[in-house]
Amino acid sequence: MLKKVAAFAVLTSFGALLLASNNASAAITRAESYITIDSATSDDYTLDFNAVTYNNVSSNTLYTEMGLYKGSKFIGLWDGTVRADGSYTEDHGSKTTWKVLTDHYEYKGSTSTVADFDQTDNTVTYKPADWTFAAKEKLEETVESKEAKKAEVEFENAVLQTTNVIALDTGIDLSEYTKIDKKQVFELDADLFQEVNELTSMRTLQPGDSMPQIYLHGSGESLYVLKQSSDGVSSATEFVLDNGKWKRE
C-alpha cells in the first residue's frame with residue numbers, strides 16, 4: 001500500500017464586503033477543514049477528511065456540517081458537533097480536484113437561533129501519475145502549496161462554468177454582481193442568512209448536485225442564490241432589500 005501526505009493551509013473565507021455587522025457576544029474561536037489522499041491500492045485510492053468547530057460559550061451548541069465535492073459536484077455529507085470526520089474511496093481514473101466545504105454553526109443554548117457562523121474549505125488534487133504502482137514503494141511526498149493554489153483555481157473555474165450555465169438557463173444578468181459566501185451573508189443580515197441557509201445547506205443537497213452559489217449586487221440591495229440539480233435543472237432565487245428588510249421574490 002502506498003502512503004501519501006498532502007499538506008495544505010486551511011482556507012477560511014471571510015471576504016472583504018461587509019455591508020453590516022451581525023455582532024454577538026458568542027463567537028466561534030476556531031474553524032478548520034482538512035482533506036488528504038491518505039492511501040491507495042492497485043484499484044482505488046482513499047480520501048480522509050475532517051473539520052472542527054470550537055467556541056467560547058460552553059452553554060451554546062455547536063454543529064459541524066462537512067460536504068465532499070468532486071469538482072463542483074456534491075458527493076455526500078458528514079456531520080457532528082465539535083468535529084466531523086469522513087473517508088471516501090474512489091477508483092483510479094483521471095485527474096480530479098476534491099474539496100471539503102464546511103459550515104460551522106454555533107447555536108444559542110439548545111435553540112435553533114444561530115449565534116455565530118463560519119465557513120472553511122480545503123482541496124486536494126488526485127493525479128494518476130502520482131499513484132502509479134512500481135516494484136518499489138514510493139517514499140512519502142508532500143504536495144507543495146503551489147499545487148494547492150493551482151487546484152483551487154481549477155476548482156473555481158469549474159464552479160464559474162456552472163454559474164454561467166445557470167445564469168443562461170434562468171435568464172439573469174450577473175454582470176453587476178459579486179460572488180460572496182455564507183459567512184458574508186451572516187454578517188450582512190441574520191434574517192437573510194436564515195433564508196439563504198435553508199436553500200444552500202448541504203442537508204438539502206443530493207449526490208451530483210452542483211455547489212450552491214451566492215451573488216450580491218453592487219448596490220447591496222439584491223442577492224441571488226444559484227443552484228443546479230444533478231439532472232441539470234437550474235434555479236435562481238432572488239432576495240431584494242425593501243425598506244430595510246430582505247424579501248424573497
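Asp130 is partly exposed in this predicted model, and its relative accessible area comes to 22%. Lys127 has a similar status: it too counts as partly exposed, at 26%. The side chains of Asp130 and Lys127 meet in a salt bridge, with 3.9 Å from N to O. As a general point, side chains of opposite charge can pair when their charged atoms come close.

Please turn now to another pair, Lys179 and Glu156. Their side chains form a salt bridge as well, at 2.8 Å from N to O. This pair links distant parts of the chain, 23 residues apart. Lys179 belongs to strand β10, residues 177–180, whereas Glu156 belongs to helix α1, residues 145–170. Are these two residues buried, exposed or partly exposed? Lys179 is partly exposed, with a relative accessible area of 35%, and Glu156 is partly exposed, with 30%.

A further salt bridge joins the side chains of Glu32 and Arg30, at 3.2 Å from N to O. Glu32 has a relative accessible area of 29% and is partly exposed. Arg30 is partly exposed at 38%. How many salt bridges are counted in the model? The count is ten.

Let us next consider a lysine in another setting. Lys99 lies in strand β8, which covers residues 96–107. Lys99 is buried, because its relative accessible area of 2% falls under the 20% limit. What does its side chain meet in a polar contact? The partner is the side chain of Asp121, at 3.5 Å. Leaving aside residues up to four places away in sequence, Lys99 touches Gly67, Leu68, Tyr69, Asp121, Asn122, Thr123, Glu152, Phe155 and Met211. Asp121 therefore appears both as the polar partner of Lys99 and in this list of residues that Lys99 touches, by the 4.5 Å cut-off for contact.

I come now to the sheet that contains β10. Five strands make up this open sheet, in the order β10-β11-β12-β13-β14, and their pairing is antiparallel. Which strands stand at the edges? They are β10 and β14, the latter being residues 245–248. Each has a single partner strand, so one side of each is left without a neighbour in the sheet. On average, neighbouring strands here are turned by 25 degrees against each other, direction ignored.

At one end of that order, β14 pairs with β13, residues 234–242, in the antiparallel sense over four bridges. Within this region, Val240 stands opposite Lys247 of β14. Helix α3 packs on the sheet and touches β11 (213–217), β12 (222–228), β13 and β14. The direction of α3 makes about 15 degrees with that of β12.

Finally, let us look at α3 itself, residues 190–200. Which of its residues are buried? They are Leu192, Phe193, Val196, Asn197, Leu199 and Thr200. These residues lie on the same side of α3, because they cover an arc of only 155 degrees around the axis. What does the face turned away from the buried side carry? That face of α3 carries Asp191 and Glu198, which are exposed. At the start of α3, a side-chain oxygen of Asp189 reaches to within 3.0 Å of the backbone nitrogen of Asp191. Asp191 thus has two parts in this account: its backbone nitrogen is reached by Asp189, and the residue is exposed on the face turned away from the buried side.

Terms used. Residues are numbered from 1 along each chain as its sequence is written. This is a predicted model: local features need pLDDT of at least 70, side-chain atom pairs count only at pLDDT 80 or more; totals for chains, interfaces and linings use all residues. Side-chain values use heavy atoms; hydrogens and water are left out. Buried means under 20% relative accessible area, exposed over 50%, partly exposed in between (1.4 Å probe, protein chains only). The arc is that of the directions from the helix axis to the C-beta atoms. A polar contact is a pair of N or O atoms within 3.5 Å; within protein, one must be able to donate a hydrogen and the other to accept it, and residues adjacent in sequence count only if both atoms are side-chain atoms. A salt bridge is a side-chain nitrogen of Lys or Arg within 4 Å of a carboxyl oxygen of Asp or Glu. Two strands pair if DSSP finds at least two bridges between them. Axes are lines fitted to C-alpha atoms, for helices over the stretch in contact, and angles run from 0 to 180 degrees between N-to-C directions.
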